[in-house]
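Got the viewer open? Here's a short tour, one selection at a time.

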Amino acid sequence: MTAIQVLLPRYLVPVRPDAGVLEQHAVAMQSGRILDVLPEAEARGRYAEAQWLELPTHALLPGLVNMHTHSAMTLLRGYADDLELNTWLREHIWPAERRWLSPEFVRDGTELAVAEMLRGGTTCFSEMYFFPEIIAEVVEAAGLRACIGSPIIEFETAWAQGFDDYFDKAMQLHADLQGHDRLTMALAPHAAYTVTDAVLERIAKLSDEHDLRVHMHLLEIAWEIKHSMQEHGVRPLRRLQRLGLLNERFLAVHMAHLGEDDIALLAGQGVNIVHCPESNLKLASGFCPVAKLLEAGVNVTIGTDGAASNNNLDLLGEMRTAALLAKGLAADPCAVDAATAVEMITINAATALGLQDEIGSVEAGKAADLCAIDLDWPETQPVHHVLSQVVYAASSRQVSDVWVNGRRLLEQGRLVTLDVDKVRDHARRWNGRMAVQ
Ligand SMILES: [Zn+2]
């Protein structure tokens, strides 16, 4: 048995079973798990011999879960902005990737992304990028948690050539990550318009057989509907349903062009939505009807998307944008209240990844993945309402400490497993190499 550690935050936001805020409550951890969540007075008696850490001005939350990103694209942050989506993707991002994509690019970019995410309270992320085996190495070394999507796309890249090669590499990654306590993998077809029916059928079959998540961009732009009608005679969602992809393992990213029928279909099939509000706003893609989806009982989560279209991986900021945008779009200030917003980046995300028994709330028996936000900053005073401060006022810079499996990866703002100077130096090298001509 390893030593017991007890955290005593000013405020505890467990998310489950209580949706509210607890005061004078302690969280005991042992061997990477949450051992107990209990009133301070009881904890003082039961765990008197344990190592205690007081967080006197902090809110302690479950670790945050970023449900969609392309980590290595942090190296493309600010590379091509203020452009129409197709121009941005086809004339800038894809050509840059054709030129620069390499194991070194992915390692440097992912380390930069992981540093940013940990500093902002993200303990788990759902990834989609090339060289996923390198991403797995970076995540493994940094100590956080991830579901790594192995990309599948029609064109060849420096990483894979042809659909068979993409599938072989995906299943190799699946084999390599079997039994890992922090890493899982997903099949990540890029989008409905960059993969064939045969490929999607193969993905549905593998997802069934191996219980794999399928992580895919979908209905990001209106053009996808027109394209699907022309090529397949049906709207994209009906096509995916026909191919057996719509179920509780499916992570549908963006969903900015939905009709009423679509919402009922998504609710009926148990599909998870990954809302990326800032990327959608920046590329003027459209609006995901979050309030309507939640009302219909659909599981809605939040992703930052890559830094090439955001331009940060700040999940607290993304949550705030999501809450505000949902209210504006629904013309209802009660839509997506603060507690709901927090659920979207914690328990809803855990559920989408099939990890609801492991992470997403501060409950005994779960992994000790936690994030402390210091509310003692002028920007978050006075604290009338803790959840309101966290959602509507707190900055990711106020995240002081992060634990994953009970291991402290961010300690009073200092990264423990990453050398931030080295990470920054590696990122800077790309500045010179990729100088925009
Ligand atoms: Zn994306």
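Start with the zinc ion: in this predicted model, the angles among its four donor atoms run from 87 to 172°, and the site is irregular. It gets that label because four donors count as tetrahedral only if all angles lie between 85 and 135 degrees, and the upper end here is 172°.

Now select the protein donors themselves: His68, His70 and His217, each through NE2, plus Asp305 through OD. They lie 2.1 to 2.3 Å from the zinc ion. If you're scripting the selection, the spacing in sequence is H-x1-H-x146-H-x87-D.

Keep His70 and Asp305 highlighted and trace the chain around them. His70 is in the loop between β6 (64-69) and α2 (85-100), while Asp305 is in the loop between β13 (299-302) and α12 (315-330). That pair links distant parts of the chain, 235 residues apart. Switch on a surface: are these two buried or exposed? His70 counts as buried because its relative accessibility is 8%, and Asp305 is buried too, at 5%.

Next stop, the aromatics. The whole structure has seven aromatic pairs. One of them is Trp100 with Trp430, edge-to-face at 6.2 Å centre to centre, with 85° between the planes. Trp100 is in helix α2 and Trp430 in helix α16 (residues 420-433), 330 residues apart. Trp100 is buried at 17% relative accessible area, as is Trp430 at 4%. Add Phe105 to the selection and you have one aromatic cluster.

Stay on Trp430 and show Arg433: its charged end sits over the Trp430 ring, 4.4 Å from the centre. For another such contact, jump to Lys169, whose charged end sits over the ring of Trp159, 5.9 Å from its centre.

Definitions and conventions:
Residues numbered from 1 in each chain as written. Predicted model: local features only at pLDDT ≥ 70, side-chain atom pairs only at ≥ 80, totals over all residues. Heavy atoms only, no water. Donors = N, O, S within 2.8 Å, 3.2 Å for Na, K, Ca; no water. Tetrahedral: all angles 85-135°; square planar, octahedral: opposite > 155°, others 65-115°. Helix = DSSP H or I, 4+ residues; strand = E, 2+ residues; numbered from the N terminus. Buried < 20%, exposed > 50% of the residue type's maximum accessible area, 1.4 Å probe, protein only. Phe/Tyr/Trp six-rings, centres within 6.5 Å; stacked < 30°, edge-to-face > 60°. Lys NZ or Arg CZ within 6 Å of the ring centre and 35° of its normal.
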